[in-house]
Amino acid sequence: AMGGDNVKASLQLPKYDIDTLRKYKTLFTLGEPIICSEKLHGCFGRYGVSKTDGFLIGSRTNWKAESKKSPWSIALENQPEIRVFCEKNPGLFLYGEVYGAVQDFKYDLNTCRFACFDIFSTIDGRFLDAPDWLNMCTNNGITTVPIIGRQAFNFEDLEGLSNGKSLIATHCREGVVIKPIKE
């Protein structure tokens, strides 16, 4: 019921998957500049405008029809700046987490919200570098995932940051996500 109706679109975007750092900690070098953010517990969401398909709403694997019952549409309705951004910037797709009234961590909400954790450019065929993603969101009023900080990569430090209280709610933090400053 949460999923809503799928729609067909010609646009294929990369799938984004977050996995445990314990499996991939050699991908980062000690001291490499990273951004650390809070991992929000919800469902993957993406929004953007394609030349061939127009405005698109998506889950991790499917494009979704707008519906008053789908968490992706509810978040979009609650945050009209998402549509404004996408229409002003065709070819840039917001990737993020739809959270709140979605999973067992409610973030003290009774509705759905969206927090962006990356932007994919169909123009360049790549994800934006972290500072560009943050600036683009900040300058356009797009909510981002809570940023814990910019720091040098150190696995042991990150393990400690993954616990504790959420930065945006009264419950615990699900974990952290790191991304390199430069893609």
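This report describes selected local features of a predicted model, taking a helix, a strand end, a loop and the cysteines in turn.

## Helix H3 and its surroundings

Helix H3 spans residues 81-88, and Ile82, Phe85 and Cys86 are buried within it. When the helix is viewed down its axis, the buried residues of H3 fall within an arc of 95°, so they line one face of the helix. Such a pattern can be read against regular helix geometry: an α-helix has 3.6 residues a turn, so residues three or four places apart point the same way.

The cover over the buried residues of H3 is contributed by both strands and helices. Among the strands are E3 (42-50) and E4 (54-58), together with E6 and E7, while the helices include H2 (71-78) and H4 (130-139).

## Serine 121 in strand E7

Serine 121 belongs to strand E7, which covers residues 112-121, and with a relative accessibility of 2% this serine counts as buried. Leaving aside residues up to four places away in sequence, serine 121 touches Gly91, Leu92 and Arg126.

The side chain of serine 121 also has a polar partner in the backbone, since one of its polar atoms lies 3.2 Å from the backbone nitrogen of isoleucine 123.

## The loop between E6 and E7

Strand E6 (92-100) and strand E7 are joined by a loop in which tyrosine 107 lies, and aspartate 108 is likewise placed in the loop between E6 and E7. Tyrosine 107 has a positive phi of about 55° although it is not a glycine, and for aspartate 108, also a residue other than glycine, phi is positive and near 60°. Tyrosine 107 is buried, its relative accessible area being 3%.

## Cysteines without disulfides

The structure contains zero disulfides. Cysteine 137 takes part in none, and the nearest cysteine sulfur to its own, which belongs to cysteine 116, is 3.8 Å away; because a disulfide is counted when the two sulfur atoms are within 2.5 Å, the separation of 3.8 Å does not qualify. Cysteine 137 is buried, with a relative accessible area of 0%.

For cysteine 172, the closest cysteine sulfur is that of cysteine 36, and at 16 Å the two sulfurs are too far apart for a bond. Cysteine 172 is partly exposed, with a relative accessible area of 40%, whereas cysteine 137 is buried.

Methods: Residues numbered from 1 in each chain as written. Predicted model: local features only at pLDDT ≥ 70, side-chain atom pairs only at ≥ 80, totals over all residues. Heavy atoms only, no water. Helix = DSSP H or I, 4+ residues; strand = E, 2+ residues; numbered from the N terminus. Buried < 20%, exposed > 50% of the residue type's maximum accessible area, 1.4 Å probe, protein only. Polar contact = N/O pair within 3.5 Å; in protein donor to acceptor, adjacent residues only side chain to side chain. Contact = heavy atoms within 4.5 Å. Arc of directions from axis to C-beta.
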